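Please look over the structure shown below before reading on. The paragraphs that follow move from the whole chain to its core, its sheets and a few single residues.

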Amino acid sequence: MMIDRRGDQMIVEPVMTAVFVARGAEAHLTNAVRSVLHQTLQNIEIVIVTGSPRSQSFAVASRLREQDQRVRVLSLGDVPTLGCSLEAGLKAAHGKFVAFPEADGLVPDGAYEEAVECLEGGGADVACGHVVAFGARRGFVHNAGVIPDHPVRGAELERFAPIIRDDAIWDKVYRRAFIADRGLSFEAESPFADRLFVVRAAVASSKIAVVQNAVAWHRIHRNEQSDARSAREWLEFVAVCLDAVGARGRVVSSAYADGLIRSEFIRPGFLRAVQEPDVCAVAQSVITRSIEIADESTLASLTIDLRWALALAASGHISTALSLLEAPVPRAEEEIRSAALDAIPAGLSSVLGLGEHRVSDAFRSRVLGENAGSRTSPPAPALKTAPDISVIVPTHNVAPYIDELLDSIRAARDVALEILVVDDGSSDGTRDRVLKQSLADQRVRLFRSPGQGGGQARNYGVELARGEYIAFADGDDLVPPAAYSAMMRAAQDTRADVVTASYLKFFVSSTWNAVDGYSYAYRRRVEDVALATHPQLTRHRACWNRLFRRDFWMQNAFAFPGVPRANDIVAVVSALSAAAHITVIPDVSYVYRDRPGLGSMTSAVGAAAYTMSYFAEEETCARMLGQLDSVAIDREYWSMVLATDGWGNLQKYLSVQESRDFEEGDAISALVRRILALAPAAALAALTPEQQVLWHLAGAGEWHRASILSRVFDGDAGQPLPTVIDAVQPLTDIAELASRAIGWVTWKYVFRRIVDDSTTRTNENLRDAADLFFDRLTSRGINVPLLPTAREYRIWRALERGPESVLRAWDPGLAVVEATLADGLRSARLSGAVPLWITDARIIAVHDRDDSAKYPLAVVRPGSRGEWAVTLDADCLPERGRWRLWLEYEDEWGTAARARLQMSAAARNRILRRFGRIAPVPTHSQLVTVRASLAVRAAQRFSRRSRR
């Protein structure tokens, strides 16, 4: 605390100043300010910047000033710009630290105290934290994957470079001396003054701090749309930011450019906004510049269509880029045939797999499907004695399906094949059927596997193969007639080590196309790429939709292991990792049969041996891909493992093994722990809180608790609350589990159930919950995301005092307050009485047709016997019409409560009844009618008469 003596007066300098800009948020300003006034940090001042003294924002702010002397109000005129308002608030601030919270948002309890502690503890210039959304939806918002989950008291920006993408000002706290020393200010005329200030401050900072818990609640409005903004102004703002971040170095500038590319430049809305010729040139310049400084891993992580759209936009072909994103195939516009498309940033050439091809030719052939004429395909090969492709088919008890498979392979066109069937001890007649096929077609050859399992059978087939290329097929699937010839032509044409094609997967009642999954890895033709430039290929590791050059496979691929599940993923990943020349074609090359019957791979998922096999093979893949040291590969691979493939195997094991007491649980937990230890922190943070919890419980060996929570997460409301509490308790002991995930799961599945379900409110349940909330969570500094103005906050505060207090917190409290309305010409007098325990209250007006339009009218100061009287000014409300009046007060739990005002009208004379601006509604005792002023009504009446 700083003390300044000026003359005979001692002035205490505030620790912190919160600056509110009250523009268009008058209905929510009161709650926003109160959330700051209730902070645990002592000695806070609040500066509210408003419009003119005649504005609604000034009227609301003035009433807040009357209630608390820590509130100051600045009036700047009729329509102050955002930059002017923020700069005025900054200049008026006296605190050592300054924050700029949203006027329609909220600040969580203790947020500013934690921010100041982080700033002071590490000597940082700016502190930031994550944000929770409320209103139309509830959850973490834009910066949840950027802000780390642990507190950071002082670190260079380069350590957490993605934070530069978070340009919101309301989740930051700044050291005011830092702002002054660096000469930072808000640009008066910029519509993005706040965001530009945030970027410049981050670049200028020597150290940053990160708050572990939420620092802001951001209100999501129904049907919320992005800010109306001029596309040119926004692009000019981005150009200035690119200049600013460039001064900080490559790490920060590339992180900023990565965010622009992923969140802005590939959005159809952005492309529609920049189609005008004068804006298009600016957009082309900014996009090209961003691509040049972006990390190549960001470009590689985009799907093929998004890469092409980005290339088109960078070349100035905005409308074609837009059509590519909005339609399966864009229209072939004349502009594509120009050479201008060849002038794309160099970074896009490799990830598009262009090689030495002209960009315009490649686009026309690969995207538009036209004959580009840049090369000619070789003639279809004539059939010959030496096979072009050796197709290796491992079989085991697939008699009902093997004929269909072999018939489909034998129907292959324009390619010389040998079909090597390696049987793994079939006992259902599979061998007899294959022998019959071999008598009909000498290309079919049958062998007995020297080992056991599909992996050993495939390895033996590779040893027997004589073809220049090898392919694999399973005994119960199908191969389209043109599949092998299309892949072979692609391999010969591009000298590829591996050719990968699309495929179909069919079930009993439906068919699934691979083009609709795996980040559209197979949607467009791509040539001469590696795994680092086309990392979406890591999302699918099956061997059967690919063609491998046999010499390449023999030199680089790992042998197929003899394991019961996932026995091809290591071999395929090893081949893809080693391949320098991969070609992808969109042709359907394989049809996979998903058969859930007994003996199928699908029905075996969840068995202990199969789950162990999968996780063991996945660990090998993870270590192999980790050696490539590619951010793009890591991003694609780990999102697939943690959210798709691995997640599916984990859930299946939980559902199947619950009745079997989780066979091999310890061994599988050890595998899960090793996999989680290899996963990047960013990949884990990108998971939902529920996914994070189940993964870490599995790694901790808490299988029964994980199974319970898995059912709860899936909507099983039948689990008793004590069981759920018991399942959640160990989460606080898992140091690797993000506190954000623990707090969210606790709130959603334990606390909300207490709030919403009256049957759970037994003393025993409440005591167990209190132990979880206040002993275990508090000990780790974990906050449950409680909305400060909601009922849940009141119940939480009651639970802190003990279970006995909770039942009182459910009491709705004061429901109705009797009042008398005596109207006047310009204002009205409202009076009544309240219980003696209410010492501070407000009269709130809510529009009868719009519940979101809420405005404070007057401050209530009850007398010694609870009596009160206030004057209601009609000018305090922005609209005419009917308004519902409430008495808002603070209850014993520190939350805002409302009581309905039941009004009776005082005696009225005829003049007031005719000319008064505020009048009761005779048919509804809670409504008042607000009329226009006498001058306005007279003008309206004169206008009506003149029109007659």
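Accessible areas here come from the Shrake-Rupley method with a 1.4 Å probe, and for residues only the protein chains shown count as cover. On that basis the protein chain exposes about 39200 Å², of which carbon and sulfur atoms supply 49%. This is a predicted model, in which local features need pLDDT of at least 70 and side-chain atom pairs count only at pLDDT 80 or more, while totals for chains, interfaces and linings use all residues. Residues are numbered from 1 along each chain as its sequence is written, and side-chain values use heavy atoms, with hydrogens and water left out.

Taken along the principal axes, the C-alpha atoms of the protein chain fill a box of roughly 110 × 70 × 65 Å. The secondary structure comes to 35 helices and 31 strands, where helices (H or I, at least four residues) and strands (E, at least two) are DSSP runs numbered from the N terminus. A residue is called buried when its relative accessible area is under 20%, exposed when it is over 50%, and partly exposed in between (1.4 Å probe, protein chains only); of the 948 residues of the protein chain, 57% count as buried. Contact means heavy atoms within 4.5 Å, and among the contacts with a separation of 6 or more, residues 24 or more positions apart account for 74%.

The interior can be described through its nonpolar cores, each a set of buried Ala, Val, Leu, Ile, Met, Phe, Trp, Tyr and Cys residues joined through side-chain atoms within 4.5 Å. The largest nonpolar core has 308 residues, and Y174, Y484, F773 and L830 are the ones that touch the most other members. Helix 24 (residues 631-657) gives this core its largest share, 11 residues. A second, separate core has 7 residues, including L106, W217, L787 and A790.

Which residues does Y484 touch, not counting those up to four places away in sequence? The list includes I389, V391, A471 and F472, and some of these names return in the strands described next. Strand 17 (residues 469-472) is covered on both faces, since Y469 and A471 on one side and I470 and F472 on the other are all buried. Strands of a sheet pair through backbone hydrogen bonds, either parallel or antiparallel, and two strands are said to pair if DSSP finds at least two bridges between them. Strand 14 (residues 389-395) pairs with strand 17 in the parallel sense over 4 bridges, with A471 of strand 17 as the bridge partner of V391. Strand 17 is also joined to strand 21 (residues 546-549) by 2 bridges, and these two run antiparallel; here Y469 has R549 in strand 21 as its bridge partner.

Elsewhere, an open sheet of 3 strands has the order 9-8-13, with mixed pairing. Its edge strands are strand 9 (139-140) and strand 13 (216-220), each of which pairs on one side only. Strand 8 (residues 131-135) and strand 13 pair in the parallel sense over 5 bridges, and the bridge partner of A133 in strand 13 is H218.

Further along the chain, strand 28 (residues 881-890) and strand 31 (residues 924-930) pair in the antiparallel sense over 4 bridges, with W883 partnered by V928 of strand 31. Strand 30 (residues 918-921) likewise pairs with strand 31 in the antiparallel sense over 4 bridges, where I918 stands opposite V930. Strand 30 and strand 31 form a hairpin with 2 residues between them.

Helix 4 (residues 111-122) allows a check of its length, because the expected span of a helix is 1.5 Å times one less than its number of residues. Its 12 residues should span 16 Å, and its end C-alpha atoms are 17 Å apart, which agrees. The buried residues of helix 4 include A111, Y112, L119 and G122. Just after helix 4, G123 takes a positive phi of about 65°, in the loop between helix 4 and strand 7 (126-128). Is G123 buried or partly exposed? G123 counts as partly exposed because its relative accessibility is 40%. Leaving out residues up to four places away in sequence, G123 touches R153, R175 and K207.

A last residue, S669, is found in helix 25 (residues 665-678). S669 counts as buried because its relative accessible area is 2%. Apart from neighbours within four places in sequence, S669 is in contact with A698, G699, G701 and W703.
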